[in-house]
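Trainee: I should like to request a close look at a single part of this chain, namely one residue and its surroundings. Please set it in the context of the fold as a whole.

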Amino acid sequence: MSEQITPLITIGLTTYNRPDFLKESVLSVLNQKYKNFRLIIGNDFPESKVTFETLGIDKDSRIDIINFEENIGEIDNLNYLLSQANSEWFTWLSDDDLLNNSFLESLLDTLNHSNLNDLTKEVIQMNGLDVLY
């Protein structure tokens, strides 16, 4: 990135009983060139807890793991992760998604050098929130 603006980006990661995919997805986040992120993992499979140990990684203060006590479904899982975000920017992925290692860097570069009105085509209301797309 050409500027030194380094805002926190929250990444919500939904998962349901795909531990191998989840490990790869988490690694794709950890391998980002842009390091100022918070990863929140929402595990919607109560029968198997997600931990740093099951992910095969060392404890990382940027990662929060939420193991739901009952299955709440993907939409409620994602909405909960969004509600836990405490940053200006939020993005999400599922456990079977991978991020290119420059994804966050490119995202911020675009946001920093664009008029947000030019990037957004419509605003819809979803669960009481304005969602731009």
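Mentor: Among contacts in the chain between residues at least 6 apart in sequence, 72% join residues at least 24 apart. The model is a predicted one, and the residue chosen for the close look is Gln 32, in the loop between α1 (19–30) and β2 (37–43). Gln 32 counts as buried because its relative accessibility is 1%, where the cut-off for buried is under 20%. Leaving aside residues up to four places away in sequence, Gln 32 touches Phe 37, Leu 99, Asn 100, Asn 101, Ser 102, Phe 103 and Leu 104. One of these partners, Leu 104, offers its backbone nitrogen, which the side chain of Gln 32 reaches at 3.0 Å.

The wider setting is as follows. The chain holds five helices and six strands, and its elements run β-α-β-α-β-α-β-α-α-β-β from the N terminus on. Of its 133 residues, 34% are buried. Four strands form an open sheet with parallel pairing, in the order β3-β2-β1-β4. Strands β3 (63–67) and β4 (89–94) stand at the edges with a single partner strand each, so one side of each has no neighbour in the sheet. From one strand to the next, the twist averages 20 degrees. Strand β1 (residues 9–15) runs parallel to β4 and is joined to β4 by six bridges; Thr 10 has Phe 90 in β4 as its bridge partner. Helix α4 (residues 103–112) packs on this sheet, where the helix touches β1, β2 and β4, and its direction makes about 145 degrees with that of β4.

Aromatic rings supply further links, and the count comes to two pairs. In one of them, the ring centres of Tyr 16 and Phe 45 are 5.1 Å apart and the planes stand at 80 degrees, so the pair is edge-to-face. This pair links distant parts of the chain, 29 residues apart: Tyr 16 is in the loop between β1 and α1, and Phe 45 in the loop between β2 and α2 (52–55). Tyr 16 is partly exposed at 43% relative accessibility, whereas Phe 45 is buried, with a relative accessible area of 15%. Phe 68 and Tyr 80 also form an edge-to-face pair, at 5.5 Å centre to centre and 80 degrees between the planes. Phe 68 lies in the loop between β3 and α3 (74–84) and Tyr 80 in helix α3, so this pair ties together parts twelve residues apart in sequence. Phe 68 is buried at 10% relative accessible area, and Tyr 80 is partly exposed at 33%.

Key
Residues are numbered from 1 along each chain as its sequence is written. This is a predicted model: local features need pLDDT of at least 70, side-chain atom pairs count only at pLDDT 80 or more; totals for chains, interfaces and linings use all residues. Side-chain values use heavy atoms; hydrogens and water are left out. Helices (H or I, at least four residues) and strands (E, at least two) are DSSP runs, numbered from the N terminus. Buried means under 20% relative accessible area, exposed over 50%, partly exposed in between (1.4 Å probe, protein chains only). A polar contact is a pair of N or O atoms within 3.5 Å; within protein, one must be able to donate a hydrogen and the other to accept it, and residues adjacent in sequence count only if both atoms are side-chain atoms. Contact means heavy atoms within 4.5 Å. Two strands pair if DSSP finds at least two bridges between them. Axes are lines fitted to C-alpha atoms, for helices over the stretch in contact, and angles run from 0 to 180 degrees between N-to-C directions. Rings of Phe, Tyr and Trp (its six-membered ring) pair if their centres lie within 6.5 Å; planes under 30 degrees apart count as stacked, over 60 as edge-to-face and the rest as tilted.
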